[in-house]
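Reader: Hi! I have a model open on my screen and would love to go through it with you. Could you help me out?

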Amino acid sequence: MTTADTTPTRDFIRQAVADDLESGRFKPPVVTRFPPEPNAYLHIGHAKAVGISYRIAKEFAGQFHLRFDDTNPTKEEQEYIDAIKEDLRWLGIDWGDHEYHASDYFDQLYGWAIKLIEAGKAYVDDQTGDQIRGGRGTLTSPGTNSPFRDRSVQENLDLFKRMKAGEFPNGSHVLRAKIDMASPNLNMRDPVMYRVLHETHPRTADAWCIYPMYDYAHGQSDSIESITHSLCSMEFEDHRPLYEWFINELGIFPTRQIEFARGNITYMFTSKRRMAELIDKGHVTGFDDPRMPTLRGLRRRGYIPASIRRFWEEAGVAKRENNIEFAKLESVLRDDLNKTAPRRMAVLDPLKVVITNYPDGQVEQMDCINNPEDPDAGTRKVPFCAELYIEREDFMEDAPKKFFRLAPGKEVRLRSAYWIKCEDVIKDDAGNIVELRCTYDPQTRGGSNPPDGRKVKGTLHWVSANHAVDAQVRLYEHLFTAEDPTTPPKGSDDWLDNLNPESLKVLDGVKLEPSLSDAQVDVTYQFERMGYFCLDSKDATADAPVFNRTITLKDAWAKMQKKGG
RNA sequence: UGGCCCAUGGUGUAAUUGGUAGCACGAGUGGUUCUGAUCCACUUAGUCGGGGUUCGAGUCCCUGUGGGCCAGCCA
């Protein structure tokens with residue numbers, strides 16, 4: 001479909017996978033996985049991570065697994081498991097029947113822990129959290145051994161079994177790997193493997209009261225599933241030695257972990273904590289607010305999944321810190337939408353136009369092209385009569401020479417309809433323009449050029465006043481005015497001072513062409529000359545349609561005006 | 001007085017693994033157009049500094065500088 005689809009670039013990960021196949025380090029199939037923790041909604045950053053693993057599995061004719069990393073029941077809920085699956089399906093990710101849960105492996109993990117205890121590689125520590133922290137040392141100084149480090153295997157076995165049996169309260173005991181308290185890598189300073197958590201788990205309910213830590217669960221889960229390449233973000237680089245330590249000590253399938261940099265995007269953020277703050281303080285309506293960086297938010301906003309996928313594919317993968325311009329996302333979105341979005345006409349800020357020489361009471365059904373980029377999209381009928389609405393900004397009383405739209409005495413084309421000429425401007429007592437009187441040229445039906453060779457520069461969209469459907473339209477812009485929203489502006493210590501007060505503008509009394517009353521959720525339309533819009537999946541009703549602006553069209557005229565001052 | 005990772009136009013990312021620095025976005029100019037959209041053409045601008053190895057270095061080595069990550073019983 002796109003260049004990126006047919007000729008994937010050989011980034012360092014794909015290169016490594018190819019090398020591993022060639023060297024025989026791994027036999028096919030290549031197996032990858034996406035391991036979300038079910039404690040939050042997926043956001044655009046997750047789309048990068050899934051995309052990488054998913055596509056690599058596809059490109060190497062391998063397998064892709066979805067695995068929920070559900071090892072901490074204090075934070076995880078079934079609601080998120082369901083939401084994550086829904087969002088992934090929307091994104092176009094198909095994991096077949098390869099859905100797994102770290103909790104599926106609790107028995108196996110427990111067995112391996114016993115094995116490590118028996119091998120003298122793990123011990124039960126009775127210290128408090130503070131004591132353990134204190135013993136860990138600092139970045140620049142080594143830690144000290146726990147006083148419980150040299151317990152006998154028998155005693156460790158007994159204690160660990162009693163931990164599992166529920167004899168101890170939360171925080172009283174942990175199982176630790178016996179590695180090296182002086183390691184320069186803090187992850188190797190006797191990391192905690194299990195903690196006591198008397199908590200109901202969304203899947204295992206009350207079967208367990210001890211739960212494995214990420215470091216003890218992740219590598220082994222990968223190994224159990226024969227994941228060949230476990231792709232994760234850079235912050236896990238320091239964990240790789242520990243990941244490999246467990247795999248080596250256990251002598252199990254040696255998954256290779258490879259780290260890549262997360263993708264940052266200007267004007268966006270992905271922290272769950274910050275999302276919650278925005279919701280709590282009422283700056284957005286929820287995790288699915290169309291301004292949110294969540295997949296649900298983007299979906300409700302009208303983003304299409306193909307664009308999100310392609311955006312990340314074109315952005316590429318590397319290990320360095322990055323900050324991708326939001327404009328890149330917009331460019332991909334616009335490109336996809338331009339090719340696929342059905343065109344419609346809607347007048348956001350209506351100005352009444354009366355065509356004085358058009359037969360009274362006559363209605364014509366004009367043929368309008370649904371998508372000039374796609375002949376198969378066909379045409380539709382749009383009613384035309386003597387009373388219309390045009391966009392208020394498409395008329396100027398004192399128009400500069402570069403203004404191609406309507407002005408007193410000037411002629412323009414109404415898209416797919418007729419050419420009209422402005423003959424008169426009607427104002428109210430306050431001097432506001434309330435109506436335009438125009439004449440039309442019957443020889444320009446369908447918008448075609450008249451036989452006399454007259455030229456016209458502007459083409460306007462319009463809606464029949466007698467047939468229009470009223471709607472609310474929500475205009476969205478960046479939620480933040482700063483490229484890096486999380487850094488407070490100068491002189492402030494609150495990142496919320498970066499909020500864009502204009503991120504949402506609500507327009508009521510918008511006039512839609514009648515066909516839009518059949519608008520479908522999850523279809524993004526182009527309102528010609530105005531941008532891309534979609535029906536709001538939450539607030540729209542049959543009687544009161546609500547549309548969200550996904551993104552504007554590029555606007556050379558606005559740019560020119562801005563430059564001209 | 002730690003460890004690990006990273007450094008290519010404004011942004012993101014390539015470079016046949018030591019052999020012509022390319023692509024995309026952005027920005028700019030012109031053309032086309034029944035969307036001031038799309039499309040087309042052209043222009044713009046880069047290997048962090050200093051050494052070294054080599055016939056040849058973005059690529060290898062040393063060093064400096066800059067940036068990121070790590071001290072949860074989170075993932």
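Reader: How many bridges pair β21 with strand β22, and in which sense?

Author: In this predicted model, β21 pairs with β22 (residues 504–512) in the antiparallel sense, over 7 bridges. Valine 473 gives you a good place to look, with leucine 507 of β22 standing opposite.

Reader: And what joins β21 to strand β25?

Author: There you will find 3 bridges, and β21 and β25 (residues 546–551) run parallel. Valine 473 turns up again, with phenylalanine 547 as its bridge partner in β25.

Reader: Why is β21 described as largely enclosed?

Author: Strand β21 covers residues 469–476, and 7 of its 8 residues are buried, so the rest of the structure largely encloses it.

Reader: Nice. Let's switch to the RNA. Which residues are the closest to RNA strand B?

Author: Lys328, Arg343, Arg405, Gly446 and Gln526 are the closest, out of 73 residues that surround RNA strand B.

Reader: What kinds of residues make up that surface?

Author: The surface near RNA strand B has 30 charged, 23 nonpolar and 20 polar residues.

Reader: Which parts of the RNA do the nearby atoms belong to?

Author: Counting the RNA strand B atoms within 4 Å of the protein, 61% belong to sugar or phosphate, and the rest belong to bases.

Reader: Where can I zoom in on polar side chains by the sugars?

Author: Try glutamate 373, where a polar side-chain atom lies 3.1 Å from a sugar or linking oxygen of RNA strand B. Glutamate 237 has a polar side-chain atom 3.4 Å from a sugar or linking oxygen of the RNA strand. For a phosphate, go to lysine 559: an N or O atom in its side chain is 3.0 Å from a phosphate oxygen of RNA strand B.

Reader: Which elements give two or more residues to that surface?

Author: Those are α6 (129–135), β6, α12 (305–315), α13 (326–340) and α14 (556–563).

Reader: Okay, on to the inside. What is in the largest nonpolar core?

Author: That core has 35 residues, and the ones with the most contacts inside it are Phe160, Leu175, Met193, Tyr194 and Tyr216. Among the elements supplying at least two residues each are α7 (153–165), α8 (214–224) and α9 (240–250), along with β4, β5 and β6. Helix α5 gives the most, with 8 residues.

Reader: Leu175 caught my eye. What does leucine 175 stand opposite in β6?

Author: Leucine 175 stands opposite tyrosine 194 there. On the β4 side, leucine 175 of β5 is the bridge partner of valine 124.

Reader: How do those strands pair up?

Author: Strands β4 (residues 122–125) and β5 are antiparallel, with 4 bridges. Strand β5 is also joined to β6 (residues 192–196) by 3 bridges, and those two run antiparallel.

Reader: Which way do the β5 side chains point?

Author: Val174 and Arg176 point one way, while Leu175 and Ala177 point the other way, and all of them are buried. In a regular strand, side chains alternate between the two faces of the sheet.

Reader: What about asparagine 185, buried or exposed?

Author: Asparagine 185 counts as buried, because its relative accessibility is 17% and the cut-off for buried is under 20%. This asparagine sits in the loop between β5 and β6. Its side chain reaches the backbone oxygen of aspartate 238 at 2.9 Å.

Reader: Changing topic: what is the strand order in the open sheet of 7 strands?

Author: The order is β19-β16-β17-β18-β12-β15-β20, and the pairing is mixed. Strands β19 (459–460) and β20 (462–464) stand at the edges with a single partner strand each, so one side of each has no neighbour in the sheet.

Reader: How many bridges join β16 to β17?

Author: There are 3, and β16 (residues 411–414) and β17 (residues 419–427) run antiparallel. One pair to look for is glutamate 411 and its bridge partner in β17, lysine 421.

Reader: Last one! How far does helix α3 reach?

Author: Helix α3 (residues 44–59) reaches 22 Å from its first C-alpha to its last, close to the 22 Å expected for its 16 residues. Its buried residues include Ile44, Val50, Tyr54 and Ala57. Just after α3, alanine 61 takes a positive phi of about 55 degrees.

Methods: Residues numbered from 1 in each chain as written. Chains lettered and ligands numbered in written order. Predicted model: local features only at pLDDT ≥ 70, side-chain atom pairs only at ≥ 80, totals over all residues. Heavy atoms only, no water. Buried < 20%, exposed > 50% of the residue type's maximum accessible area, 1.4 Å probe, protein only. Pairing = 2+ DSSP bridges. Expected span 1.5 Å × (residues − 1). Near = heavy atom within 4 Å. Polar contact = N/O pair within 3.5 Å; in protein donor to acceptor, adjacent residues only side chain to side chain. Nonpolar A, V, L, I, M, F, W, Y, C, P; charged D, E, K, R; others polar. Core = buried A, V, L, I, M, F, W, Y, C linked by side-chain atoms within 4.5 Å.
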